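Below is a short report on the packing, cysteines, aromatic pairs and one sheet of a single model. Start with the structure itself.

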Amino acid sequence: MRPDQLDLITTVDTPTLTPDGRRLVVGAARADATTDGYTGQLWVVATDDSAPPRRLTRGYRDAGARLSPDGRTVAFLRSPAPGGDPSESAPQLALIPLDGGEARTVTDRRLGVTGFNWSPDARWIVFASPEPEPGRYGTVAGVGPATEDPRRVTGPDHRMNGVGYTADKPSCLFEIEVPDPDGEPVFAARGRMADAPGLPPLVPPARRLTDRDREATEPVYAADSRHIFFTTTPATGFGRDLRTAVAVVRSRAEAAAGAHAGEHDAGPVRLVAGGTAVPRGFFSPCVSRNGEWLYLLGQELGESGLEFVAANAAVYAVPAPTAVREATEGWGRPAPQLVPRRLTDPETLNCSGGPLQLSGQDNVLALAETRGKTVLVWMSHHGRPEVLVEHQGEVIGASEAGGTLAVAYTTADSPGRVGVQQRGSGLVELFDPNRSWLPDVRPAAAREREYGAASGGTQDQPTVHGWVFVPPGPGPHPVILNIHGGPYAQFTWSWFDETQVLVAAGYAVVMCNPRGSNGYGATHGAAIRGRFGTVDVQDVLAFLDGALDEFGPEGTGELDGGRLGIQGGSYGGYLTAWITAHDHRFTAAIVERGYLDPVSALGSSDIGWFFSRQYMGTVLEDLQRQSPLHHVDQVDTPTLVMHSEEDLRCPLEHAQRYYQALWSRGVESELVVFPGENHELSRSGTPWHRRARFEHILRWWDSHLAREVTIE
């Protein structure tokens, strides 16, 4: 595909099913060049394919649909078109009848709503929303960001990429009573009535259930609708460690009969799983439909609460009624009766692909990442995990009801589809919003390979799993080695815009998952701890050598071993910069949003306070030894350095210092900086900047690698 076709790409989110399983609702979103934002609506799809998909909503961006337990109403998040005031485009909770009608917005949160859930009786909705500190984020008229009071920071964890400051706007839980769908509409009063007493509120009154001293996210009701489980931070404040915990609080439905809901005291927050004295974190609570089981995701984080490297998420279970009854006040340890039972093996299975989902009356579904795929795993409270959906792509989300299993997924030739999983026939496609344009773009096909030592892999050089993409037409084609970020991430089978753009422009793409990647077991992922730039580099180059042996001049002749480019972002930018300092075979390089100095990252990166220490150690000499900036004087490869101005994960100063070091030594180099963008530019940056990014990438490669290479 071409850079100007980015707004064709439509993705889908997790579907939600009616109780009888006959219909599903799913969100579909795409980049919109006209508004320089992202637009999307909700669609209704018949699971028996008896009717064509129907657009349910027509908002600018509608997503995250959840059907009420009675199947009558869809709750979702609605975001208006981008505007000057960020609060005006924050996502708000909205409701719409499944059978059609106008949507009604039911929240007016200044910083928006981030997640929500229905009560089992369909009378209440609990939601999470950032609660700004008084005086900040426009809460005082005439006081803007540049004139707010000074921020007082007391811990290392105070900012997050794409979010900004965090301690002054912690996420809290709120609850509303679902309004009567047939009730009288309410409009804003004007003129003489603007200040009249007793006017009905424009949105249902929302009562806060948790305080600002701890984060509160991922709320889910217990079966009685009277208690809410949620994810929180057991340590007060911010920046102590990485532990999360699951706690419980009473809902408004717990109020005594006849009492006004607004007068109800939610009572204390009580600990269910995890805690400041527990060497693991718990999150993503999910209550079985029969109310008997509380399922959780958990990670081993060690006594320090910081040992996150290759800490695969496992599924745990605890009896839900016991959790409500035995939850305790205090944040050290939960009651002895509430030790969650582990259901999956974190050494071999990483269930971190998404939140848990219900299945049947007492089972659960999880997403697990493995060998370039994300698969759907089913299990009971006894364990015995079983892979239900596995294909050459990724499962995005799933929903099960009425005997129907609906799945949102990607494939090698589509960025988003929805289907149902049927016994005997596998995934059956129901809806692909990309169907109209994919045949014209002709996605490049992947050639899956494993390369290593000639004998098939040794202890020093195990086989490395990855893919090779070759453009159509006669070769030899110039080659780009692309390296993923993370490092605990993985390239997958899924349709990838970066690969498709490069291949369409005439470049072969080689990409793999070296040691340090996700999807191949915890030991594989932890192999680079304390030795960045060693076995990971060894694996990446071994895979490149294998591809050149098979497809290069001595093989099929499709790849040109004399025209090699190398590029990567984040950790991929790190490895690109490291490799060009130690291997001079590459014609040119692109270092994007690179993690280029672990020493300065300790204080400047949003994750630097724990990332560098856990991956690279605490000794200054060790950090410098693994720093690309420390070895930049060995680079002579022409390098394009690309970075975003508001990147808090790998701050801009990494790129500026790296570029300055290259330029001062006379190395051909450029620095391209994207205003207003953060670390997620290539994935969710504004459409205009994403297109401009690809144009700079192709311009650079065309000037260094191309021989009569053009964009068709």
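## Nonpolar cores

The model is predicted. Its largest nonpolar core has 44 residues. Val-468, Val-479, Leu-481, Leu-559, Tyr-574, Ile-579 and Phe-586 have the most contacts inside this core. Strands E33 (464-469), E34 (477-483), E35 (508-513) and E36 (559-569) each give two or more residues to the core. Helices H5 (535-551), H6 (571-582) and H8 (608-616) do so too. H5 provides the largest share, 9 residues.

Apart from this core lies another, of 34 residues. Met-1, Phe-674, Phe-694 and Leu-705 are among them.

Leu-559 shows the packing in detail. Leaving aside residues up to four places away in sequence, Leu-559 touches Val-470, Pro-476, His-477, Val-479 and Ala-508, among others. Its contacts also include Ala-547, Leu-548 and Phe-551.

## Aromatic pairs

The structure holds 18 aromatic pairs. Phe-532 and Tyr-571 form one that is edge-to-face, at 5.5 Å centre to centre and 75° between the planes. Phe-532 lies in the loop between helix H4 (522-525) and H5, and Tyr-571 in helix H6, so the pair ties together parts that are 39 residues apart in sequence. Both residues are buried.

Tyr-595 and Phe-611 have ring centres 5.0 Å apart and planes at 65°, so this pair is edge-to-face. Tyr-595 sits in the loop between strand E37 (588-592) and helix H7 (598-604), and Phe-611 in helix H8. The pair therefore ties together parts that are 16 residues apart in sequence. Tyr-595 is buried, at 5% relative accessible area. Phe-611 also counts as buried, at 7%.

These four residues belong to one aromatic cluster. Its other members are Phe-308, Tyr-574, Trp-578, Trp-609, Phe-610 and Tyr-615.

## Cysteines

How many disulfides does the structure hold? It holds 0. Cys-286 is in no disulfide, and the nearest cysteine sulfur, that of Cys-351, is 13 Å away. For Cys-512, also in no disulfide, the nearest is that of Cys-650, 20 Å away. Cys-286 is buried, with a relative accessible area of 5%. Cys-512 is buried as well, at 4%.

## An open sheet and charges over rings

Four strands form an open antiparallel sheet in the order E10-E11-E14-E15. The edge strands are E10 (115-118) and E15 (207-208), each pairing on one side only. Strand E14 (residues 171-177) is joined to E15 by 2 bridges. Phe-174 stands opposite Arg-208 in E15.

Phe-174 also has a charge over its ring: Arg-109 lies over the face, 4.1 Å from the ring centre. The charged end of Arg-693 sits over the ring of Phe-694, 5.2 Å from its centre.

Definitions and conventions. Residues numbered from 1 in each chain as written. Predicted model: local features only at pLDDT ≥ 70, side-chain atom pairs only at ≥ 80, totals over all residues. Heavy atoms only, no water. Pairing = 2+ DSSP bridges. Core = buried A, V, L, I, M, F, W, Y, C linked by side-chain atoms within 4.5 Å. Buried < 20%, exposed > 50% of the residue type's maximum accessible area, 1.4 Å probe, protein only. Contact = heavy atoms within 4.5 Å. Disulfide = S-S within 2.5 Å. Phe/Tyr/Trp six-rings, centres within 6.5 Å; stacked < 30°, edge-to-face > 60°. Lys NZ or Arg CZ within 6 Å of the ring centre and 35° of its normal.
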